[in-house]
Amino acid sequence: MPAWLYRHLQAGYAHIGCQSLNYAYIRKSCVMYSGYIFLCACTKRFCILNFTSMTRIILICLGLAFILGSCQRTKNGTAARAEKETYDLLLLNATVVDVASGSLTPGQLIAISNDTIRMVDATANRDKYEAQQVIDASGKYVMPGLWDMHVHFRGGDSLIAENKNLLPLYLAYGVTTVRDAGGDIVPSVLSWREQIKNGNLQGPTIFTPGPKLDGAAPAWAGSIEVVNAGDIEAALDSLEKLQVDYVKMYDGSLTKEAFYGIIQAAEKRGMKTTGHMPLSADIVQAIDYGLDGSEHMYYTLKATSPLADSLTKLNLGYGMMNQIVNSFDPQLAREVYAKMKANNVYITPTLHIGKVLSELLDTDHSRDTLLPYMGSGIQQTYQRRIEGAKRAGRSGSDARQKMAQLNMDMIVPMYEAGVNIVAGSDAGPSNSYVYPGESLHGELQSLVKAGLSPQQALVTSVINGPKFFGLENSYGSIEKGKVADLLLLNANPLQNIANTSNIAVVVKGGRVHDQQAINRMLQAVKANNRK
């Protein structure tokens with residue numbers, strides 16, 4: 001074969017490819033190859049080329065012509081379409097709720113694979129994607145799953161099964177993540193945490209502190225006793241071995257010295273702290289030591305009274321709260337809120353349980369819709385709170401009602417001051433008629449009743465919840481790369497916070513729970529309680 005023809009063959013191969021095809025060069029090569037064959041025939045020079053060479057040249061010419069034609073057809077838009085991007089789940093025509101900004105984006109496509117949002121695009125680009133499962137979300141509002149930042153699993157070994165039976169209730173009400181606030185069935189809770197994470201158990205993602213840290217005479221079974229510095233280090237060693245998610249303190253008999261010591265030691269280890277504070281302590285001082293959060297409003301409220309120091313010296317415990325409420329100082333409160341903001345402190349108000357407990361004696365709960373979903377053992381634990389309400393009623397005290405109202409009044413100033421408020425229900429055994437799942441919606445409604453907008457109330461759950469654990473890059477919005485815990489709502493939650501309970505579909509870790517699946521979960525919970 002002549003050298004010039006061989007060079008053209010090499011050059012032709014080098015230019016093959018529709019991305020950067022040199023059409024003119026290929027045409028020229030085809031003409032030259034064909035011309036060479038014709039020349040050989042006319043001059044009877046077939047002796048120069050053997051049969052194999054002739055065949056090779058003819059095939060190359062035909063191949064180049066095919067490539068040229070194919071690429072031209074692609075250029076003209078008549079060739080086969082590019083391969084589609086494939087996912088596990090597509091949501092089409094969704095209105096995406098941006099909780100952070102309080103805005104809506106209609107006509108969105110959300111692509112999910114495994115437990116992660118892989119793409120958010122306009123539904124107009126539907127032809128670019130395909131999936132094993134497709135849901136038409138027309139008329140639906142898609143938002144991140146709810147976080148309940150204060151729940152309990154407890155009651156001892158005899159109530160393990162009944163506690164486990166509560167897990168589907170959270171999903172049924174759109175609560176895809178919970179922060180356990182400590183209890184006495186720690187091995188079971190840790191096991192559920194892993195099973196849910198691995199997709200082997202239906203329930204919300206669980207963050208847990210393991211056992212609570214209390215004093216020499218713990219208020220709750222299963223707590224670790226902490227009295228001195230040696231106890232603190234040993235307790236934190238135990239919690240680290242359990243791989244807990246944070247440290248929860250309780251004020252049953254915990255001294256202020258141990259309380260401060262736990263905060264300081266945990267801070268050195270990079271462990272987050274929150275919980276109940278001994279009323280002998282000062283939350284402002286605790287913040288200086290590194291406290292990350294505080295559960296309920298008692299301890300913030302105490303810091304807003306100019307009488308706090310003098311009342312503390314009387315060692316009154318919670319007996320001081322009525323005087324604290326009556327001496328509330330708005331200016332002092334603003335200073336406390338500024339301190340909390342500056343130190344990124346998280347406050348869990350638990351307003352809903354306060355309302356439920358303050359009305360225990362005036363409300364007939366026997367016909368509550370969710371009461372049959374509570375096991376008989378859990379229902380028996382409600383008696384403790386009921387007896388406490390009766391004692392308060394006989395004393396004629398209205399302190400709880402007054403404090404509940406002041407707590408409500410503090411919410412908007414705290415939020416506007418930049419304090420991280422987190423939504424927590426305090427649902428679980430021993431907390432009478434505060435039902436898992438449903439009560440988180442009650443908390444959101446209480447926050448709105450206190451003066452927050454629906455958007456601000458949602459921030460306390462779906463944005464501030466993840467922020468407490470430093471997980472805002474994985475949760476809190478409908479974006480590429482975030483965890484696929486989603487709610488499809490039938491109505492706009494930014495318009496009315498009650499619409500968060502108008503759920504069409506729950507997507508947990510990419511797994512779809514439509515209304516039929518939710519109903520099956522609820523029926524199974526009720527059936528388990530009859531066994």
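**A helix pair and the partners of strand β1**

In this predicted model, helix α14 (residues 351-358) packs against helix α17 (residues 399-416) at an angle of about 160°, and their axes lie 10 Å apart. Because angles over 145 degrees count as roughly antiparallel, α14 is roughly antiparallel to α17. The crossing of α14 past α17 is left-handed. On the α14 side, the contact is made by Leu351, Leu357 and Ser358; on the α17 side, Arg400, Gln401, Asn407, Met408 and Ile411 take part. By character, the residues of this contact between α14 and α17 comprise four nonpolar, three polar and one charged.

Attention now turns to strand β1 (residues 85-98) and the strands that pair with it. With strand β2 (residues 103-113), β1 pairs in the antiparallel sense, over seven bridges. Within this pairing, Ala94 is found opposite Gln108 of β2. The two strands β1 and β2 form a hairpin, with four residues between them, and Gly102 in the turn has a positive phi of about 75°.

Parallel pairings of β1 come next. Strand β4 (residues 129-136) runs parallel to β1 and is joined to β1 by seven bridges; here Thr86 has Glu130 of β4 as its bridge partner. Strand β5 (residues 141-144) also pairs with β1 in the parallel sense, over two bridges. In that pairing, Thr95 is matched with its bridge partner Tyr141 in β5. Taken together, β1 pairs with β2 in the antiparallel sense, and with β4 and β5 in the parallel sense.

Conventions:
Residues numbered from 1 in each chain as written. Predicted model: local features only at pLDDT ≥ 70, side-chain atom pairs only at ≥ 80, totals over all residues. Heavy atoms only, no water. Axes fitted to C-alpha atoms, helices over the stretch in contact; angles between N-to-C directions. Parallel < 35°, antiparallel > 145°, perpendicular 65-115°, else oblique. Left-handed = near helix turned anticlockwise from the far one by under 90°. Contact = heavy atoms within 4.5 Å. Nonpolar A, V, L, I, M, F, W, Y, C, P; charged D, E, K, R; others polar. Pairing = 2+ DSSP bridges.
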